[in-house]
Structure formats: C-alpha cells, structure tokens
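Colleague: Before we rely on any of the labels attached to this model, I would like to go through them and ask what stands behind each one. Shall we look at it together?

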Amino acid sequence: FQAEDGIRDLVRSRGLGDVYKRQVFSGGGRVSLAIDEIPAPSRFPSAAEGILSAEFKLSGDTGRLDYEAELTSAGARYGRLGEVALAAKAAGNFASVRVSGLEIRTAAGSVKGAFTADLKRPSLAGVALEWTDLDPDRVLPLVLPGAASLPSLGSLVSGRFDGRAEPISPRGIEGLAWLRLVPGPADEMSPAGRRLLRPSGQVDLSAARGEVAVAAARLDAAGVALSAEGRVGLGGDIEGRFSARADDLRGTLDELRSAGLAVPAGPRAAFDPEALTGALSLSGTVRGRRGDLDVSARLEGAGLGYRGMEGNLLAETRIVKKPEGFEGSLSGRASVEDLAGLGRAGLEVEAGVAPGRFDVASFELRSGPGSLTGRGRLDLARRTFAASLHGEGIRLEPFRSLLPPGSEPGGALEIRLEACLLY
C-alpha cells in the first residue's frame, strides 16, 4: 500500500489536522479462500466446495475510497449443479458498485449479466441478465423447497431480463423479460426410468409499477397447446384471457401416464379417462379487482368418443366471486350418435348458482321420439331440494336387462315426478 499526505495540493494549512484528513491511499492485493471458510451472515450449503479468489485495487482519500476487483473460482462444485465456474468484475465505492462481466457456468446451464447497485437506497439500475440452457430439474430443488419431488420436465430454459429495481422490491421492478423452453433429447429418461414430458414454449412479459403484463405466453406439452395473455397487479387486480386445446385425448393421456402424471383407472372405476377419444378445447377470460373475481369459459369437444359412443359437446359458464359468495351460470348442449342403444340423442342444460342456492332452470334429453325434461333447486339456507321430471315416448327395449326375467317390454313410458325434500 502507499499513502501520501497531500499537503502540496494546498495553498495554506491551519495545522496538522488538515494533513491527516486529506491522506491519499492507493494499493492492491489478492485474497483466496475456501468457500466453506468465507465469512457470511449465513454459511454456504455443505454441498458447496472449491476456492474463490479476488484480486483488487484501492485508491482515494479519507473522504472517498474507490476500488476495482476481479473475482474468479477454481475447483468449485455445488450439489446437482456439478462443476461451477464463476467470474465477475466490480468497480465502485461505499456508495455504489458496478458489476460487469458476471458469468456463472455450470453443467445445468449458465448465467451472464451486469448491473449497478446503489448501496444507500438500496436499488439496482442497468440490469442485464441472460440465462442459457438452465435445467429446471437441477436448479429448482436448490431454490424451492419440495421441488425435488416434482416430475422431471426434460426441457431447458433460456431467457433475458433488462431493467431496474428502484427500490429493490416487487413494486420497484421495471423492465422487459422473455423466457424460452426447449425440449431436451427425445431418448432422455427421468431418474425413475419414466419418459419425460419435454414441454416447449415461450413467455414475453414486462413489469412496471407493481404490475406484470404478459404480452404472450405459449406452452406445448403432451399434445396440449396452452396460451395466455393479460396482466397481474400486486394489489390483486387481474385481467386476461386463456385457451387450451388437445387434438388427441387418448395420445395426451398416454403421454401423461408414461410421465407418471396420470394414474390408470381401476377395474371398478365408474369412469375410465383412458377410454376417451377426440379433441377438446377450453377458452375464456378472467377479471378481478380487490378480491372480486369474474371468470368466463367455453368448453368444446369434437368427435368425442367413449366406449362405443361418439358425439360433440359445447358448454359455456360464468362464475363471479364476491365477498358474499359465488354466483354464476352454466349452459351446455351435447349430442351423441348412439346412447345405450337409444339411437341419436341430444342433451341441453341451463343452470345457475347463487350464494346458498343451486338451480337447474331446464334439463332436456331427447332421443328419437322420446324426451326427458326437468328442473330443480337445492336451497342450502332453507335445507330443501325440489325437482320435477317429465318423460314421454321413452322406449323400453334398451332397458330389458333391468326388468324381471321373462319381461317383454314394448311401447313407451311416461313419467311425471314432483318432489320436495327437507333435510
């Protein structure tokens, strides 16, 4: 190190006190420490090992001390990340620091970046971070408790963020970011020996004044295409739209089962999802403000098949959440080419829900000359259930197995039912 009194820079001095107040410093050095020996508020995880080295230079006087430093690593390793190579440059003083050339390279991907930190506010400016081929299966368990139990994805994440955080808080973050998900090798298997889901997609978003806006989000996995756009605010405000489509339900369920995300139905299960075929799509909008929520959705099924039956489906619903409870409506219709031997059938339903009450305004099932219509209400406040059902022209032949042996059903059945249940 070197020090100068700086007295030659003054015209006059009022004493030795001025000399010592204006001492000028310059110097440098190099420090190398084992990672597990580095003093820090909390110790590094036991899985971390290696050497960190810093080469630095100091200059200034007693009023301001500037420094430049270069940080490198040697033989560093950390858990599932494997070998870790770290490099960075820093220049600043006790008020601010500029970090440039930041680079972290691991077997699970790499991160590069630069930023300026105001140490007094504190805040970040000029942030530019870029990550390449990060492996979520290795990285997430290091930062999220319980992530190790999640199914393996088999995809890599790349992306970039440019912006600032003034101050360093969720409301202070402003900038633009994008994320890209790229499938890994097709022949790669999970540690449990299962096929990987290998999703792909991209997200473009921005953040400003405590609000995140998603310009476009797309995800493709197991034959399902998901998309969304909208905005989310820290105060609970939300607005956006979403859609999902599966063109081959059987193929989608096969992929989910191979990845361990779908459990085959048992032999006594009332419904076997693996018997489904056809295409299904869902789209809708969501709006919310300060705890209220308004969701509208439309479900469409084309060429749906299940154990010999085939048909189409269309359903629309709207659910509104308010402080006093939920309210909403449901309307739907479905057509089946052959329903249990009754021939072509059609179903239409109109229903609604309100705090403490569920109403079926109308229910109509038609097959050939026969029909079954009804309506009902379940009132939770009054603890009552009331319903009416009317059937006419219903053919009895398909129900032969339900009747006593020797019965020869024929003709049509007419039903009228009015019921009120107190419970």
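Modeller: Let us settle the residue classes before anything else: Ala, Val, Leu, Ile, Met, Phe, Trp, Tyr, Cys and Pro count as nonpolar, Asp, Glu, Lys and Arg as charged, and the others, Gly among them, as polar. Please also keep in mind that this is a predicted model.

Colleague: With those classes, what makes the lining of the largest cavity three nonpolar, one polar and two charged residues?

Modeller: The largest cavity is lined by Arg 195, Leu 196, Leu 197, Glu 255, Ser 258 and Ala 259. Leu and Ala count as nonpolar, Arg and Glu as charged, and Ser falls among the others, so the lining has three nonpolar, one polar and two charged residues.

Colleague: Why is this space called a cavity, and how much space lies in it?

Modeller: A cavity is a set of points where a 1.4 Å probe fits but cannot get out, whereas a pocket is an open set. About 30 Å³ of space lies in this largest cavity, and a search of the whole structure finds one cavity of 30 Å³ or more.

Colleague: Turning to the open spaces, which residues lie nearest the centre of the largest pocket, and which elements supply its lining?

Modeller: The largest pocket, with about 490 Å³ of space, is lined by 23 residues, of which Tyr 78, Leu 81, Val 84, Ile 104 and Thr 106 lie nearest its centre. At least two lining residues come from each of β3 (48-61), β4 (64-78), β5, β6, β7 and α2 (136-143), and β4 gives the largest share, five residues. By class, 17 of the lining residues are nonpolar, four polar and two charged.

Colleague: What is the volume of the second largest pocket, and how is its lining made up by class?

Modeller: Its volume is about 360 Å³, and its 21 lining residues include Asp 137, Leu 150, Pro 151, Ser 152 and Leu 153, which lie nearest its centre. The classes there are 14 nonpolar, three polar and four charged.

Colleague: Why is Ala 95 called partly exposed?

Modeller: Buried means under 20% relative accessible area and exposed means over 50%; Ala 95, at 25%, falls in between and therefore counts as partly exposed. Ala 95 is found in the loop between β5 (83-92) and β6 (96-106), and, leaving aside its neighbours within four places in sequence, Ala 95 is in contact with Ala 117, Asp 118, Leu 119 and Lys 120. The C-alpha atoms of Ala 95 and Pro 122 are separated by 9.5 Å, although these residues are 27 apart along the chain.

Colleague: Which peptide bond before Pro 122 is cis, and what is its omega?

Modeller: The cis bond joins Arg 121 and Pro 122, with omega about -10°, and Pro 122 is found in the loop between β7 (109-118) and β8 (123-134). A cis peptide bond also runs from Glu 166 to Pro 167, with omega near 0°, and Pro 167 has its place in the loop between β9 (155-165) and β10 (173-183).

Colleague: What is the phi of Arg 198, and why does this residue count as partly exposed?

Modeller: Arg 198 has a positive phi of about 50° although it is not a glycine, and its relative accessibility of 28% lies between the limits of 20% and 50%, so it counts as partly exposed. Arg 383 likewise has a positive phi, near 55°, in a residue other than glycine; at 45% relative accessibility, Arg 383 counts as partly exposed by the limit of 50% for exposed.

Colleague: How do you know that β19 and β20 pair?

Modeller: Two strands pair if at least two bridges are found between them, and β19 (residues 345-354) and β20 (residues 357-367) have ten, in the antiparallel sense. In their hairpin, which has two residues between the strands, Gly 356 takes a positive phi near 80°. Nine bridges join β20 to β21 (residues 370-379), again antiparallel, and in the hairpin of β20 and β21 Gly 368 takes a positive phi near 60°.

Colleague: How confident is the predictor along the chain?

Modeller: The chain averages a pLDDT of 84, and 82% of the residues score at least 70. Over residues 1-11, however, the pLDDT is below 50.

Key. Residues are numbered from 1 along each chain as its sequence is written. This is a predicted model: local features need pLDDT of at least 70, side-chain atom pairs count only at pLDDT 80 or more; totals for chains, interfaces and linings use all residues. Side-chain values use heavy atoms; hydrogens and water are left out. Helices (H or I, at least four residues) and strands (E, at least two) are DSSP runs, numbered from the N terminus. On a 1 Å grid over the protein atoms alone, a cavity is a set of points where a 1.4 Å probe fits but cannot get out, and a pocket is an open set with protein on both sides within 12 Å along at least five of seven lines; lining residues have an atom within 4 Å of a point. Grid points are joined across faces, edges and corners, and a volume is the space filled by probe spheres set on the points. Buried means under 20% relative accessible area, exposed over 50%, partly exposed in between (1.4 Å probe, protein chains only). Contact means heavy atoms within 4.5 Å. pLDDT is the predictor's confidence in each residue, from 0 to 100.
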